[in-house]
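Me: I keep meeting labels in descriptions of structures, and I would like to learn what stands behind each one. Could we go through them slowly, setting each value against its definition?

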Amino acid sequence: MTVQETLPTSELHLTLQRYLDQRRLLSEVSQRIAASAGLAETLPHVLNGICEATGAVSARAVIGENGGTISFASESGEAKFEAADPAIYSFGQTQQAQVEIVDITVAPSGLDLAGLSGLVSSVLVLPIQAQKTHYGALWIAFKQPHQLTQDERDFVGLLTLQATIAIANARTFEEAKSGREQLAAILASVADAIIMVDKQRKIRVFNPAAEALFQVTAKAALGQPFKSIIKSDTLQKLVYPDEQNDGAETIVEYVASDGRIFAPHVSEVISENGNTDGWLLAVRDVSRFKRLNENMSDFLRTVSHDLRSPLTAAKGYLDMLPMVGEVNDKQEGMMGKIFTSIDDMTNLVEKVLDAGRLDPMMGTYQLRRESIDPTDIVSKVVSTLSNAAQKKQINLRARAASNVPIMYLDEMMIERALQNLVENAIKYTPEGGEVIVETEVKNETLIFSVTDNGLGIAPEDQTRLFERGERVRRKEHKGIRGSGLGLFIVRNVAQQHGGDAAVQSEEGKGSRFEILIPLIDVNLRGGGD
Ligand code: ADP
């Protein structure tokens, strides 16, 4: 059945006209939304269209905003209808679909439309919602009782959809804008200089603290290659890791022209799909902490240094005690305990001093190199600690490969480092165990290794072992005293010689610690140090 068969020409003309009007209106509204016109411009237009298409006396949209509501109205939907907005807004929040109230005097419970009596007779409420978010409600009112045709309902539904799109767009835009503004406010208020570069190392973010530190305006820096704006080698090495270093984590400092000391930190900016989008460089002023740390280091140095003399004196007097009178068994036992305590304390004082001297940030220690046979150091350490090993019935042995060359090293420091490793091996190996100290050359590297068959270390505990003050807490370690400084000293001694320290260990089976010293010129003949 065609339209022509069922409708007279005049009615057909009217239907066609309505259809064309509706299309024009829809197309205008869509264009305004596409042009991102503000809600104040788009919504009244939609509401006027609804009035025009349905003969409604008023069309209003009431939307939640910042805890309150904001209303928009058709030209004819002026202030006198406003009183009903709050009730319709809260009613709309609970509705999923259009609600038609043909007679406002019998409005559904929860919807008080008394304020409209005398003004209008029937009302249509349409919730404005998208993806489970209720933005508010659109309501149209008719002077006379009005039963909407299906066509009117559909058209109003379509326009409401357009209004919803406009509102959702505006909200998304507001959120993005406020996100951007928040980020800008954060970047402006942080004391750290923040620079973000993209994959091509072009500057994308340059905050006010960066402007002040590098004396460049953000305007001049944005879009420029990092290298052309930031001239510091230290910072360039961080931002161009694959070009100039192997990405190994090292502690770097950036000293500004005014003498302030900064700690730079670079992190990768990872996109949602896991790709690298760029790098973020944060440069923090650590001058104050550095000064505090220096004071603390000075204090520790002085205290530990001054502690040495009274400890030596105490030990001397303890030695002399049997010479001035007979010592009974009980007293001798107590003297033995005092000896051990003094030794422990002396050991700790030495470690604190070594750790301070060798600290890569604070230490000022200059290696005192001399020509030595590395195997002699091993023999010396093994003989010094043979008593301690014997006390635990530990078999402590030295082994040396035949190709170990004479080297040019700081004998005292290497000895201290090795002694720390062997002391640990004895400490963390149960009675009856075995500790082997070995010297060998592999891959152009001199390796001192200390292998034990003791308690071993769990993989998760191995990562931070060489850091200052790091101790592993395990019930098997109960009663084993330590400072957490030994391995820190070991690694720093190795690093001062251009090498490193390493550990391989298995819980319950034992550990192997290594001091690796490269056979480079400076370690062989001392050239250029
Ligand atoms: P500490 O003074 O506590 O021994 P170190 O820096 O020398 O400090 O060692 C750090 C931690 O490493 C120790 O607390 C211990 O848990 C672990 N450790 C070191 N050497 C060994 C070893 N040979 N066997 C098992 N654990 C070890």
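**From values to labels**

Me: What caps the N-terminal end of helix 12?

Reply: The cap is Asn-328, which places a side-chain oxygen 3.2 Å from the backbone nitrogen of Lys-330. That distance can be set against the definition of a polar contact, a pair of N or O atoms within 3.5 Å, where within protein one must be able to donate a hydrogen and the other to accept it, and where residues adjacent in sequence count only if both atoms are side-chain atoms. Please keep in mind that this is a predicted model, in which local features need pLDDT of at least 70 and side-chain atom pairs count only at pLDDT 80 or more, while totals for chains, interfaces and linings use all residues. Residues are numbered from 1 along each chain as its sequence is written, and side-chain values use heavy atoms, with hydrogens and water left out.

Me: How do you know what span to expect of helix 12?

Reply: A helix here is a DSSP run of H or I with at least four residues, a strand is a run of E with at least two, and both are numbered from the N terminus. The expected span is 1.5 Å times one less than the number of residues. Helix 12 (residues 329-358) has 30 residues, and its first and last C-alpha atoms are 43 Å apart, close to the 44 Å expected. Helix 3 (residues 39-54) passes the same kind of test, because its 16 residues should span 22 Å and its end C-alpha atoms are 22 Å apart. Helix 3 is followed by Gly-55, whose phi is positive, near 80 degrees.

Me: Why is Lys-290 called buried?

Reply: Buried means under 20% relative accessible area, exposed means over 50%, and partly exposed lies in between (1.4 Å probe, protein chains only). Lys-290 has a relative accessible area of 11%, so it is buried. This lysine is found in helix 11 (residues 287-320), and its side chain is joined to that of Glu-253 by a polar contact of 2.5 Å.

Me: What makes helix 16 largely enclosed by the rest of the structure?

Reply: The conclusion rests on a count, since 8 of the 11 residues of helix 16 are buried. Among them are Leu-487, Phe-488, Ile-489 and Val-490. What covers the buried residues of helix 16 (486-496) includes helix 12, helix 14, strand 16 (500-506) and strand 17, where contact means heavy atoms within 4.5 Å. Seen from helix 12, whose buried residues include Met-335, Ile-342 and Val-349, the cover includes helix 11, helix 14 (411-427) and helix 16.

Me: How many aromatic pairs does a search of the whole structure find?

Reply: The search finds 4 aromatic pairs. One of these pairs is Phe-226 with Tyr-240, at 6.4 Å centre to centre and 55 degrees between the planes. Rings of Phe, Tyr and Trp (its six-membered ring) pair if their centres lie within 6.5 Å, and planes under 30 degrees apart count as stacked, over 60 as edge-to-face and the rest as tilted, so 55 degrees is called tilted. Phe-226 counts as buried at 0% relative accessibility, and Tyr-240 counts as buried at 6%.

Me: Why is the pair of Phe-466 and Phe-513 called edge-to-face?

Reply: The two ring centres are 6.2 Å apart and the planes stand at 70 degrees, so the pair is edge-to-face. The pair links distant parts of the chain, with Phe-466 in the loop between helix 15 (459-462) and helix 16, and Phe-513 in strand 17 (residues 510-518), 47 residues apart. Both Phe-466 and Phe-513 are buried.

Me: Which charged end sits over the ring of Tyr-240?

Reply: The charged end belongs to Lys-227, 4.5 Å from the ring centre. A charge sits over a ring if NZ of Lys or CZ of Arg is within 6 Å of the ring centre and within 35 degrees of the ring normal. Arg-288 offers another case, with its charged end over the ring of Phe-289, 5.4 Å from the centre.

Me: Why is Asn-443 called exposed?

Reply: Asn-443 has 73% relative accessibility, and therefore counts as exposed. It lies in the loop between strand 14 (434-442) and strand 15 (445-452). Its phi is positive, about 45 degrees, although it is not a glycine. Most residues other than glycine have a negative phi. Gln-215 also has a positive phi, of about 55 degrees, without being a glycine, and at 69% relative accessibility it counts as exposed.
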